[in-house]
Amino acid sequence: MDNHQYSLDLYKHLGSRSLLPLVSPPVSTARRAVATGNFLATRQSVPTTDLPDLNNVQGDVIFLFPKKAENFVFFRINNTTSFRTALQSFKPTTAEDVKDHLTSIAVAKANATDPSNAPIVDISQYQIAFSRAGMYYLGVNEDTGDVRFDQRCMSDDKQFLGDQRYWDPIFVKTNPDPVNGSVHDDTGALHGVITVAASSPETCTKASNDVISLFGSSITVAGGKPVEGRARPRPFKGHEHFGFKDGVSQPCLRGLVVPRPGQIQVDPGVIIMGYPGDPVRDDPTAKVKRPAWTKDGTMLVFRKLEQSVIPFEQYVEKNGPRWREFIPGGNITPALDKGEAEGLFAARLIGRWKSGAPLAKCPFRDDKVMAHDPDRRNDFDYVVSDNPNISRFEPSDYYCPFTAHTRKTAPRNLHPYIDAKFLESGSIVRGGLPYGGEVTDQERRDVADGKPELPRGLLFNCYMSSLDSGFVRQTLGYAGNDYWPITSLVPQKKGQDPVLGSPPVYTPAQVQGTSPSVKSGDRVDLQLTGKDGTTFEVSGFANVTPKGAAPPPGEPNPFFVTSRGGEYFFVPSVSTLNSWASATTTTTSKLDIVFALDATGSMQVYIDKVRDTLQTLCENLVGTGKWTAGDLRFGLIAFRDHPPQDSTYITRQYPFDSDVSAVKANLANLQADGGGDGPEAQCDAFAAVVKAGWRDEATKVAILITDSPPHGIGEDEDGFPGGCPLQNDPIRLVNRMAKLGITLHVLACEPTLSMDFSTPLDFYKGIVQKTGGRFLPLSDVNSLISLFTGSILETADLDALAVKHGAEVCAQAKNQQASSSDISKSLYGRLSSANVNSFTVEDIYAANAQGDQNVQVWLNAEQMDSKTTSQIKDVTGFRLKSGYRNGGTPAMSSKTQPVSLDQVETVVRMCLARAT
């Protein structure tokens, strides 16, 4: 007995499945196994040559999970260390496991008196996949070789995919980038999805709760709960909400799946990375390559597709009576009754009857016997052989419209225009289940009264080795392409897929004058002139509707499926998953952070906000996996002013502490008060920063929060115009910070700082650059946590580069006498593929040439003296852009992306400062 026949015998009671594993028994026991039904003891995989390892491929990918319920647990990672720990205990179901599950179900059915009512085999199955943002969050920075996945989230492609309606919130990214892609921007991104499939809703719910409990606080479940899919009840089992049998046609992976007559066969690499058929693997000229860890992995696309069932039913009911206008040949005897007519109209939209019978074989009436025969329901093409007026050698839509959903997305026999291998390469394995309840009579009455239909649809997921070859080609190249399938050397407009297509966005236009006489199908070239005099040409093919004539049945197509969002994911192999789980979260260094807080009368709201965000900041930093809570220390320096301006204190210093609650208690006791003239004791705070007790091995970050300038930089009404009474020179102190590797960030409380004072903006912008720090606007106190997290994460990565490359940068400066600019360009050439955290904040400051010159003076200054201050010139005009003079929140984002030249220049400045 060959493998094919043995597999058919083994799984004969699973005839409704399109994907049956191809297995082979030991020769000595094969007959006995078939005779006794004891398949589990003898089943083994087909020997592989260049086939995926079924013990290494996650389980839903090749054969699809057998299921009656499926939950999708979308998540964000909170803590990479604890997530990896949980991942070590997570046991994904493999493709080999799915074969065992299918065999168990087959045996249960074979041993039952009535296979259709066999006892339920209780199974739970699990799979995990990651978005590109999630992989970056885990520290997996190497590209997968799928260019779209490595650059774009689905939110970036929303318009590109034709989605014109709002998405569910869990799929909406905060800052999508349709031009460049936003995978490096983690803001609002999903990190992954855990798929849980089971034999019953109850089992699925329990299994989902178990897996959520396993990962615990290391993740946040998007939306607070899983997205639930459920098989419809009898008699609709296996059918989606429009009523059509789902999953009838699936690609057969050669050497892995039992091929049925007419079933499209594909090389395994079309679905699984690293094997023949993988377009990246098979193209020796490809600029991108697959890393070894992608082998046995695949791409997953998830889409939540909402179906408008009641309008669809009304649409079918309205057009069914016109069956003589669309039935092949114009008539049939006996005539179609109402149900048959409506069924035929619906079948011509899909390409199959609701039973699953192919329209190409059953062009007039449904054939449920054929639909239930796995050897007949896919054994067809679109050749018309029984009508002498239609060529057998040209594609025809006589029986099945070119626009039918299955003909659009699973095209057949387009030779000689499209090669069969190209069609194979665009195949996908499709899964998922319906969501939402059944339509009730009461709901139909409610909709008739103007109420909205309840949400229901399909949780669609599919697998392929290349997004562009699979999902994108099917969505845009096939379903959304008015000229697909290609059936002639001359382009012929056929229309969009009535299920997955979307209505065109028309640009209203009027053409005046008498048009030439044209017939439908004639080519028409128009030259039009716009209102502004611009001339443009439009070429196409005419579709003529005679005056007073009713449009053809079904026109215009209102489209009844709406995308509610989704995401692209990578499904790693089991071995890669284990590698990621066991990877140590390396602590790049310890992290010391000092907050230098202006504690004068206007600053209480900022002090309170630092206290309220400190715990969240700690969680954000630990969540990156770079540090543990014990690696973090927080120090606090409060400052006011010198007597007689303020008699309470000049500075008050609290030592470093890893106990966040203790630091918060210190902040709670800190009250803003006092201050006299505008300038305050920032110089003394800088002196305290330098002496704060930093750890040598730590990344050192000082954050100054203030709404005022220091003494001595030229501000009017300065009580100490000569500078700090204690001779604390801010320039020398900041240079000392740079030498010690302390990065200074200044958070400027706006609009006060730039509207009330003339000098501090340029001063602070200049001095922070000495240390590799940032000057950041704090125009909305609620943005404090974003400013803290983004600036610290970027500093940590740049500090790590400075530590790593400091010696070579200094050697190049000394031995080659190279300029910092030349060194930066040279280092950038070697680091351009390195990924770092990049924090960007919208510039709220007005451009000012004199201000820029002042910044350079402060940047290059060695000390505070007359030589420096004499170069500072008055700046006229508003320093803030008009939209921010009364406050406001600038846009900001923190993302991992390739290091920029500006960042490398900062690294070089840090290296050189530490060496002086």
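Which loop is the place of Asp-296? Keep that question in mind; the answer comes in point 6.

1. **The model as a whole.** Please remember, as you look around, that this is a predicted model. The chain holds 27 helices and 23 strands. Its C-alpha atoms fill a box of roughly 105 × 80 × 60 Å along the principal axes. Of the 916 residues, 55% are buried. Among contacts with a separation of 6 or more, 77% are between residues 24 or more positions apart.

2. **Surface and charge.** The accessible surface of the chain is about 39,700 Å², and carbon and sulfur atoms account for 51% of that area. As for charge, you can count 93 positive and 104 negative side chains. The centres of these two sets are 6 Å apart.

3. **A strand with two faces.** Have a look at strand β7, residues 227–230, where the side chains alternate. Val-227 and Gly-229 point to one face and are buried. Glu-228 and Arg-230 point to the other face and are not buried. Strand β7 is joined to β3 (residues 69–77) by four bridges, and the two strands run antiparallel. To find the pairing on screen, start at Glu-70, whose bridge partner in β7 is Gly-229.

4. **Two nonpolar cores.** In soluble globular proteins, nonpolar side chains tend to be buried together. Here, the largest nonpolar core has 130 residues, and the members that touch the most others are Ile-62, Phe-74, Phe-83, Ile-128 and Phe-215. Helix α10 (residues 338–350) gives this core its largest share, seven residues. There is also a second, separate core of 44 residues, which includes Phe-634, Leu-670, Ala-672 and Leu-787. Back in the largest core, Ile-62 is a good residue to click on: leaving out residues up to four places away in sequence, its contacts include Leu-19, Leu-54, Ala-95, Leu-253, Ile-272 and Val-429.

5. **Two cis peptide bonds.** Most residues other than glycine have a negative phi, and most peptide bonds are trans. With that in mind, check the bond between Trp-484 and Pro-485, which is cis, with omega about 0 degrees. Pro-485 is placed in the loop between α15 (468–479) and β13 (523–529). The peptide bond from Glu-750 to Pro-751 is cis too, with omega near 10 degrees. Pro-751 is found in the loop between β20 (742–749) and α21 (752–756).

6. **Two positive phi angles.** Now for the opening question: Asp-296 is in the loop between α8 (279–282) and β10 (298–307). Its phi is near 70 degrees, a positive value in a residue other than glycine. Gln-727 is not a glycine either, yet has a positive phi of about 60 degrees. This residue lies in the loop between β19 (698–706) and α20 (730–740). Which of the words buried and exposed fits Asp-296? Asp-296 counts as buried because its relative accessibility is 6%, and the cut-off for buried is under 20%. Gln-727 has a relative accessible area of 68%, so Gln-727 is exposed.

7. **A tryptophan in a loop.** Finally, visit Trp-627, placed in the loop between α17 (604–623) and β17 (632–639). Trp-627 is buried because its relative accessible area is 1%. Trp-627 and Thr-896 are 269 residues apart along the chain, and their C-alpha atoms are separated by 17 Å.

Note on methods. Residues are numbered from 1 along each chain as its sequence is written. Side-chain values use heavy atoms; hydrogens and water are left out. Buried means under 20% relative accessible area, exposed over 50%, partly exposed in between (1.4 Å probe, protein chains only). Contact means heavy atoms within 4.5 Å. Accessible areas come from the Shrake-Rupley method with a 1.4 Å probe; for residues, only the protein chains shown count as cover. Lys and Arg count as positive and Asp and Glu as negative; His and the chain ends are not counted. The place of a charge is taken as NZ of Lys, CZ of Arg, CG of Asp or CD of Glu. Two strands pair if DSSP finds at least two bridges between them. A nonpolar core is a set of buried Ala, Val, Leu, Ile, Met, Phe, Trp, Tyr and Cys residues joined through side-chain atoms within 4.5 Å.
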